[in-house]
Amino acid sequence: MEYHEIIEEGVEPVSPVGQYFNSSALCIYIIGVIEFEVPIHGLLMQAMSLLKHVFLPINPRFSSIMVQDKKGEKRWKKVDVNLKEHVRTPIFPETLESNDTWFQDYLSRISMEELAQSKPLWEVHIVNSPTSDAHGSVIFKLHHALGDGYSLMGALLSCLQRADDPSLPLSFPTLKPSKQESKSTKGICSSFSWLVSSAFYTVADFGWSMLKSSIINDEKTPIRSGNVGVEFQPISISTMAFSINQVSDIKSRLGVTINDVVTGIVFYGTRLYMEEMNSKSKTAESTALVLLNTRNIEGYQSINDMLNTKAKGPWGNKISFLHVPIPKLKQSRTSNPLEFIWEAHNIIKRKKQSLAVPLTGTLLEMEGKFRGQE
């Protein structure tokens, strides 16, 4: 059956960003893993019940496929969902010496497999075999066209219940700006200074981002081969765990944010890898393409809030991107890792004064309208 021949009235159109993420040139998935500290008996039966009664009702997109109408516009079409086609239960080979290696290889393999466009764009993999980190795991594979990380995390949290009182909705502390930040924005002089710097940074960031997207290329390094078709080569997923208490301690000592700490760790680890593979690349010009949430909201929103037509942080792919230079290693491995966190903090703080992100999003929408989503 060719689904693009049948379009019902009221079918929800696919957002421009959703179409970007599911085209012939680009296909992006979100992989999430939930690990269990204790063995969960009857996990498959519990998962099927949870998917049917909680997950699918969250949003119609979880039970819809992407179809194309006569005008070439993509839309979400609701279909009947056969859960057995979306749930997989891999079995570890009995001859394995290390379940961890098999698990990482399995993650890498399914991340490269394309989801069939003839059924809703998500899968759940239930792994009952233990690893060094968990007694069992559940892997979620969702197409990015369904929504961004903010939306999908909200969907995940809506499946959970409070331990103290399951009848109450989940709640999290509200993020509020510090008194110091509030005072710094007062006064005519400070406002004028902020406007001037914002205008300058907007022109600089937006212009540099356009140049990096079209003309200026990064140097060839261990993380950028420059080869044509490299995106179709096999990948390997590996993981590294950090204590949230240690991350929080660094955040408090330096007076930065959790995002600053994590970004600095990623930058530092990337540079160490580059140096290990090629010592000359530690000072090479390299750029990270960072996806940013464009919702005008801070903190957690429930699914009901996100699905409200007047929501400040609605469901979907409310994101844009920004080019961020990766700090360089100054003194090889003797470089202080905290310098990368400070550098990340300064970069992110300055980028917040720029309007390059919403401008980039507007440019993408205009280009999609005039040149097509592909």
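**Notebook: first look at the structure**

I started with D218, which counts as buried at 15% relative accessibility. My cut-offs are under 20% relative accessible area for buried, over 50% for exposed and partly exposed in between, with a 1.4 Å probe and protein chains only. The model is a predicted one: local features need pLDDT of at least 70, side-chain atom pairs count only at pLDDT 80 or more, and totals for chains, interfaces and linings use all residues. Residues are numbered from 1 along each chain as its sequence is written, and side-chain values use heavy atoms, without hydrogens and water.

**Loops**

I placed D218 in the loop between α6 (188-214) and α7 (244-254). Helices (H or I, at least four residues) and strands (E, at least two) are DSSP runs, numbered from the N terminus. I then checked D218 against S286: they are 68 residues apart along the chain, yet their C-alpha atoms are separated by 5.6 Å.

P90 was next. I found P90 in the loop between β5 and α3. P90 is buried too, at 15% relative accessibility. From P90 to F206 I read 46 Å, C-alpha to C-alpha, with their places 116 residues apart in the sequence.

**Salt bridges**

How many salt bridges are there? I count twelve. The rule asks for a side-chain nitrogen of Lys or Arg within 4 Å of a carboxyl oxygen of Asp or Glu.

I looked at R88 and E113. Their closest N and O atoms are 3.3 Å apart. R88 lies in strand β5 (residues 87-88) and E113 in the loop between α3 (99-112) and β6 (122-127), so this pair ties together parts that are 25 residues apart in sequence. R88 is partly exposed at 29% relative accessibility. E113 is also partly exposed, with a relative accessible area of 29%.

I moved on to E285 and K328, whose closest N and O atoms are 2.7 Å apart. This salt bridge links distant parts of the chain, 43 residues apart. E285 sits in the loop between α8 and β8 (287-293), and K328 in the loop between β9 (319-325) and α10 (337-351). Both ends are partly exposed: E285 at 43%, K328 at 34%.

The third pair I opened was R371 with E367, at 2.8 Å between the closest N and O atoms. Both are in helix α11 (residues 356-371), four residues apart, so about one helical turn separates them. R371 is exposed at 67%, while E367 is partly exposed at 34%. I also noted a network: salt bridges with shared partners join R88, E113 and E123.

**Strands**

Which strands form the open sheet, and in what order? I traced four of them, as β2-β7-β6-β5, with mixed pairing. The edges are β2 and β5, each pairing on one side only. For two strands to pair, DSSP must find at least two bridges between them. Strands of a sheet pair through backbone hydrogen bonds, either parallel or antiparallel.

I followed β6 and β7 more closely. They run antiparallel and are joined by six bridges. H125 has I139 in β7 as its bridge partner.

Then I turned to β8 and β9. They pair in the antiparallel sense over seven bridges. L291 stands opposite F321 in β9. Is β9 covered or open? I found β9 mostly covered, with six of its seven residues buried.

**Nonpolar patch**

I located a nonpolar surface patch of about 330 Å², made by I244, I258, V262 and V266. Patch residues have over 30% relative accessible area and no salt bridge; like charges are joined within 9 Å, and nonpolar side chains (Val, Leu, Ile, Met, Phe, Trp, Tyr) within 5 Å. The areas come from the Shrake-Rupley method with a 1.4 Å probe, and for residues only the protein chains shown count as cover.

Which helix gives the most to the patch? Helix α8 (residues 258-277) does, with three residues. I checked V266, which is found in α8. V266 is partly exposed at 48% relative accessibility.
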